[in-house]
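Please find below a note on the model under review. It is arranged as numbered points for a reader who has the coordinates open.

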Number of protein chains: 2
Amino acid sequence: MQEKVIPRILPGFMELLPTEQILFNDMYDTIRGVYESFGFLPLDTPVIELSEVLLAKAGGETEKQIYRFQKGDSDLSLRFDLTVPLARYVSAHYNDLVFPFKRYQMSKVFRGERPQKGRFREFYQCDIDIIGNEELDLRYDAEMPAIIYRVFEKLGIGDFVIRLNNRKVLGGFFASLGLSDKIEEILRIIDKIEKIGKEAAVSELIALGVAADKTDTIIDFITSDGTCGQILAKLRAMNIENETYASGVAELAAVTEYMRMFGMPEDSFRIDLTIARGLDYYTGTVYETQIKAHPEFGSVCSGGRYDNLTGYYTDKKLPGIGISIGLTRLFSQLLASGLIAPKTGSIARVLLLPMDGNTVPFAVSAATKFRNAGIASDVYFGERGMKQKMKYAGRCGVPYAAVIGDSEAAAGTVALKDMQSGEQKSVTIPEAIEILQNMDK
Amino acid sequence: MQEKVIPRILPGFMELLPTEQILFNDMYDTIRGVYESFGFLPLDTPVIELSEVLLAKAGGETEKQIYRFQKGDSDLSLRFDLTVPLARYVSAHYNDLVFPFKRYQMSKVFRGERPQKGRFREFYQCDIDIIGNEELDLRYDAEMPAIIYRVFEKLGIGDFVIRLNNRKVLGGFFASLGLSDKIEEILRIIDKIEKIGKEAAVSELIALGVAADKTDTIIDFITSDGTCGQILAKLRAMNIENETYASGVAELAAVTEYMRMFGMPEDSFRIDLTIARGLDYYTGTVYETQIKAHPEFGSVCSGGRYDNLTGYYTDKKLPGIGISIGLTRLFSQLLASGLIAPKTGSIARVLLLPMDGNTVPFAVSAATKFRNAGIASDVYFGERGMKQKMKYAGRCGVPYAAVIGDSEAAAGTVALKDMQSGEQKSVTIPEAIEILQNMDK
């Protein structure tokens, strides 16, 4: 006997059993379907890129998390998101693309974080982005959440709310307080206010050198509550003389108005001035999404507008807007909370069980007819007793078994058994097709 | 102006333009559809694994190609195929799986080869495997090529032939020549005979220490030509007294017979004794697939039976059979040879073009109705002249444009333009839906 290697995977990596994988793929396919229904084009960038290219912008926290290594003479990195590769892609293929360029990519990204609960080192991001040439209409800022609304509606995992803000409102406000040189840092602190609480945020602001009275003003400002209309009215009533601020408020007002036009119900979104997306490259509208009954999930879908992301690669002005669902994390949260549960361990809708070798040819030809009618079918070829075969069908979770003995093969029928109810009846192949095609209706 | 980074990817990595990506995804979805129609379960293993686990079996050429690196204390590797991760998976999840376990995985794998024409360092493998518990019926050896037949028939890229052999036939024959200690090396030489030619193969055999008369016997043997029946008759007539040989011939005969039962036409497969799959872990049936008009593509789909692949992880006996399509390479060959060509740069079937801001709400509500009817739809929000918008529609490659001016919005109609023919007519939304739903029929 040779020494065995323990068959294990790394912590922080998700690997599912088939029942769970079927459920995961259903969610993946649903998201892809909605993205495509809005005309987004598919993209598939390499997992491995040149570090010089991929990390053009990165630094700090991001850089530490990168899986980066040398192969031959090349300094390589695994992608840590799908947005930087998109910026690289549109810069490189500018002449071959039609703008506004709408693309989706739903692929794995890699972050070598310290493993902790709910954090993955390899996970799917399901991204949509729209990149404009020179300009990008503000209506696209509203189309993004409208698409996300549709996605979450289809996923059927409960009520959710898309919280939106505009970086210009925050930036302009801080500038009006004379804090222009600290905007990035303040955004980063605000970004974690939900996690660390108001008091800790105030301490951090003071440590940053913000005067105590101004910290109160900032906290008051960002925790403004009310309907979109009320918050917008308050923002306007403050009479802040700052162009960036004014333009941010106008954008926020327009985007909420457009969101209504896209048919989003009033309770599906709200303005939340604490949304800052601190570590990111956003320059205008920003979003986060919460499952109402599960605020502890954190944001299940985030994004925003970025005007300068391609600046590292090209002089062309290519403003963009994008949003991302962290599917691996969301899936694991939904599964753990019981909001979703595996339904079946079978892709086949019917399992054909030939009694013995003689009836195999008829079973195979019946399976072919089922498949031609769009019914996924499996044939069991092992030479076992029927009791064992039926046990296998039960363990599989296949909805129907079709038993074929000599008499069935001779008559051109199958004994079709509903595995749930146990009911079994002798039917012709066309009759079986009818039953199997209608089982989900 | 900041210094720009050249937006480029590494050689040996495939990245497609949207028109090509749509075509690639069509092929991917077709393959997935066939795999699922046979009841295979989806699987998605991590890209990054522990080197100790992933490389339990590897060595030589394989090991050199691995993307292997250190992160923290961990020695990590990117997967180089999907078969070793499968062996690891079934060993780890043995108690949770139902055997025979049929799974598909269609994911990227990574091989840091020296870049050369037609070779990729990151590429999709589309694998199906069936793993048995203790035993696995020989009929599954015939189901594999039957599935591949269905895949290539659906891909519609021309006539193809699945060449099959059985390692036991070769191994038993070499043993009967007294070459038991050189079987692996001989298989490796035979495996490249198509590439290097007979003479070079003979030289290598002699260099290996095979006597000159035996090299002739070997070459004669493996280049046997004829129908399946003729070759099987010849193999039997040789009266070779070797158990492995006899069992290999019996298996080969049974598998070809089963392939007929699966409905494979006689000209879609043949026995080819030069097929050895030299570098792999196969122990019985082996396959390669050729596009008849393009032998220069090499094998576009290969696989076989392996009895001991899980031996590194478990004492359980889990024989398997699998087959793999190297989709990235195949796609690039098909594209280069003109056997496939991008058809459209648009996922949307219709692009809605509101004349101005006033007609945007009607355009959005029409698009929603189209999407609810299953028609992928895009709305152009940029504020441009209609001429520019129409030019955009043309460049997109979208099949229909729906122009919406004030009169259309008032009447609840769109001016639907067939972008191919240029024909345009005013239709209601339900009429437009009817046209758009039937466009492909």
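The points below take up the basis of the model, its symmetry, the interface, one sheet region and the salt bridges.

1. Basis. This is a predicted model, in which local features need pLDDT of at least 70 and side-chain atom pairs count only at pLDDT 80 or more, whereas totals for chains, interfaces and linings use all residues. Residues are numbered from 1 along each chain as its sequence is written, chains are lettered from A and ligands numbered from 1 in the order in which they are written, and side-chain values use heavy atoms, with hydrogens and water left out.

2. Symmetry. A turn of 180° with a shift of 0.0 Å along the axis lays chain A on chain B with an RMSD of 0.1 Å (least-squares superposition on the C-alpha atoms of residues with pLDDT of at least 70 in both copies). This is the relation of a two-fold axis. Within chain A, the residue that comes closest to the rotation axis is A:Phe69, whose C-alpha lies at 3.1 Å. Both copies use the same surface, since 100% of the contact residues of chain A recur in chain B.

3. Extent of the interface. Chain A and chain B each bring 105 residues to the contact (heavy atoms within 4.5 Å). The area buried between them is about 8,700 Å², with 57% given by carbon and sulfur atoms; buried area is the accessible area (1.4 Å probe) that two parts lose on being put together, summed over both. A:Glu15, A:Asp44 and A:Phe381 supply 8% of the area that chain A buries against chain B, more than any other three residues.

4. Polar features of the interface. The rule finds 16 salt bridges across the interface of chain A and chain B (a side-chain nitrogen of Lys or Arg within 4 Å of a carboxyl oxygen of Asp or Glu). One of these joins B:Lys4 to A:Asp315, at 3.2 Å from N to O. Helix α1 (residues 18-37) of chain A gives the largest share of the side of chain A that touches chain B, namely eight residues (helices are DSSP runs of H or I, at least four residues, and strands runs of E, at least two, numbered from the N terminus).

5. Strand β10 of chain B. In this strand (residues 301-306), six of its six residues are buried (under 20% relative accessible area; exposed is over 50% and partly exposed in between, with a 1.4 Å probe and protein chains only). It runs antiparallel to strand β9 (residues 285-291) of chain B, joined by two bridges (pairing requires at least two DSSP bridges); there B:Tyr287 has B:Gly303 as its bridge partner. With strand β11 (residues 320-326) of chain B, β10(B) pairs in the antiparallel sense over six bridges, and B:Ser302 stands opposite B:Ser324.

6. Salt bridges within chain B. Over all chains the count comes to 52 salt bridges. In one of them, the closest N and O atoms of B:Asp129 and B:Arg103 are 2.9 Å apart. B:Asp129 lies in strand β6 (residues 122-131) and B:Arg103 in strand β5 (residues 101-110) of chain B, so the pair ties together parts that are 26 residues apart in sequence. B:Asp129 is buried at 2% relative accessible area, and B:Arg103 is buried at 0%. B:Glu122 and B:Lys108 also meet in a salt bridge, at 2.7 Å from N to O. B:Glu122 counts as buried at 4%, as does B:Lys108 at 9%.
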